[in-house]
Amino acid sequence: MSVITNLTRAWLTRSFRPFTFTNEYDQTLSYEDCRNLGLYVHIPFCKSICNFCPYCKVRYDEALCNRYIDALLREIHMVGRQQKGRKTVTSLYFGGGTPALAADRLGEIIDACKAYFVITEGIGLELHPDNVTVETLTKLKNAGVTKISIGIQSFQEKYQSVLGRKTVDREAMAEALSAVPFETVSMDFIFALPGQTYEDLKADVDGAFASGANHIAIYPFIDFTFTKSTVKALPKKEKRQLLDRITRYCLEKGYTRNSIWTFAGETQAGYSSMTRDNFLGFGCSATTLLKEQFKINTFSVEEYCKRIDEGELPTSLTIRFTKRQRMVYYLFWTAYSTRVDIRDFEKFFGVPLRKMYGFELWLAKLLGFVTEENGIYEMTLKGAFYYHYYENFYTLSYIDKMWGIMRKEAFPKEIKL
């Protein structure tokens with residue numbers, strides 16, 4: 001895996017220099033001129049820990065949660081005060097963990113963000129199925145949340161037991177969602193589980209839209225080395241067949257594909273915290289992407305709070321991009337939306353995309369990975385599968401290694417990828 005990602009990185013960046021993250025960081029962040037800027041807030045608390053989940057999380061404790069949110073608010077103010085006036089941003093997303101465990105304080109966090117940022121495309125929040133009650137949904141809506149994403153993973157009992165989840169009461173969930181409507185109700189599912197069939201996944205998709213969703217996300221199962229999961233993903237051939245069939249099914253149903261893994265049943269429905277040119281991240285493990293750097297906060301809740309108490313940003317690692325590195329990062333995550341517009345690339349970098357990666361684009365078209373029309377490159381089904389296939393390599397070679405280290409060390413000295 002590392003050979004594939006290393007060769008790809010070297011070719012696309014035109015350098016054998018690795019991605020090097022160091023423990024230095026800027027106390028002042030240059031985001032005032034960033035266009036298409038998004039916000040992300042991480043709430044790491046869960047009532048129980050799912051063994052397949054790789055994200056930064058700890059078991060919920062009310063006192064620790066309140067201490068953490070106090071620190072989180074201070075981080076938002078520390079960063080927000082660095083600019084004059086209020087900065088326009090696309091969106092605000094809450095991830096975790098289980099952000100709804102902090103439902104009573106979400107209003108404070110949103111108000112702190114709104115003191116410095118004008119949010120134009122709504123506020124999204126991830127939910128555990130247990131949180132989908134009229135009481136909790138009402139709190140979220142009153143706080144300003146406009147979009148929710150419910151981590152179903154699977155409605156099938158055989159996979160709920162494999163993933164350590166309990167049965168979802170679809171009828172009660174549908175009633176709650178009907179009583180408290182949101183602009184977007186997305187439901188997340190995992191595909192490529194062992195023995196999973198097209199009929200299994202189709203039943204999940206149909207069940208989601210029948211239970212109040214107007215948007216779905218179908219994420220591939222990735223076997224992170226540091227999780228306790230014993231689940232093994234489907235082999236490549238079966239995985240591709242499953243992804244192609246469920247994609248065709250969703251398109252035949254008239255759903256709009258708005259990213260590699262997501263489909264919308266209504267035009268206005270959308271949920272993605274990933275497809276942003278730049279973003280600011282708040283909370284432990286949250287990442288910040290700016291024009292020339294990428295930084296990631298410490299994964300330790302205790303050390304996060306301590307650093308904030310000292311009046312310092314909780315940055316654990318920073319990479320200073322070369323121009324080519326930044327271009328690769330831009331293209332990789334922009335492609336997540338299944339399309340890349342050459343005009344957007346040139347506006348962002350000041351150079352034509354075809355000048356920088358003309359050969360690669362020609363080859364992608366030749367291999368049937370993309371089509372091109374009016375300066376927009378769009379992925380084919382084949383291209384979407386191989387994006388997923390490479391993203392799996394990328395995740396296990398880069399993210400798995402970095403997160404595995406950061407789960408053990410609050411502030412590593414250096415990581416080379």
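The crossing of helices α10 and α12 is right-handed, a term applied when the near helix is turned clockwise from the far one by less than a right angle, whereas an anticlockwise turn is left-handed. The model is predicted, with local features needing pLDDT of at least 70 and side-chain atom pairs pLDDT 80 or more, while totals for chains, interfaces and linings use all residues. Residues are numbered from 1 along each chain as its sequence is written, and side-chain values use heavy atoms, without hydrogens and water.

Two packed helices are described by the angle between their axes and the distance between the axes. Helix α10 spans residues 323–334 and helix α12 residues 353–366; they pack at about 70 degrees, with axes 12 Å apart. That angle makes α10 roughly perpendicular to α12 (65 to 115 degrees; under 35 is roughly parallel, over 145 roughly antiparallel, and the rest oblique). From α10, R324, M327, V328 and L331 meet L353, M356 and Y357 of α12, contact meaning heavy atoms within 4.5 Å. By class, this contact has six nonpolar residues, one charged residue and no polar ones; Ala, Val, Leu, Ile, Met, Phe, Trp, Tyr, Cys and Pro count as nonpolar, Asp, Glu, Lys and Arg as charged, and the others, Gly among them, as polar.

A second helix pair is formed by α2 and α3 (residues 106–114), whose axes come within 9 Å and cross at roughly 10 degrees. These two helices are therefore roughly parallel to each other. On the α2 side the contact is made by I69, L72, L73, I76 and H77, and on the α3 side by E108, I109, A112 and C113. Seven of these contact residues are nonpolar, one is polar and one is charged.

Helix α2 also takes part in enclosing a cavity: α2 (62–80) and strand β14 (278–282) each supply at least two residues of the lining of the largest cavity. The count comes to one cavity of 30 Å³ or more, and the largest holds about 30 Å³ of space. Its lining consists of L29, E75, V79, G281, F282, T288, K295 and L313, which divide into four nonpolar, two polar and two charged residues.

Two backbone features remain. Most residues other than glycine have a negative phi, and most peptide bonds are trans. R14, in the loop between α1 (2–13) and β1 (20–22), has a positive phi of about 60 degrees although it is not a glycine. The peptide bond from G96 to G97 is cis, with omega near 20 degrees, and G97 lies in the loop between β6 (92–96) and α3.

Notes
Axes are lines fitted to C-alpha atoms, for helices over the stretch in contact, and angles run from 0 to 180 degrees between N-to-C directions. Helices (H or I, at least four residues) and strands (E, at least two) are DSSP runs, numbered from the N terminus. On a 1 Å grid over the protein atoms alone, a cavity is a set of points where a 1.4 Å probe fits but cannot get out, and a pocket is an open set with protein on both sides within 12 Å along at least five of seven lines; lining residues have an atom within 4 Å of a point. Grid points are joined across faces, edges and corners, and a volume is the space filled by probe spheres set on the points.
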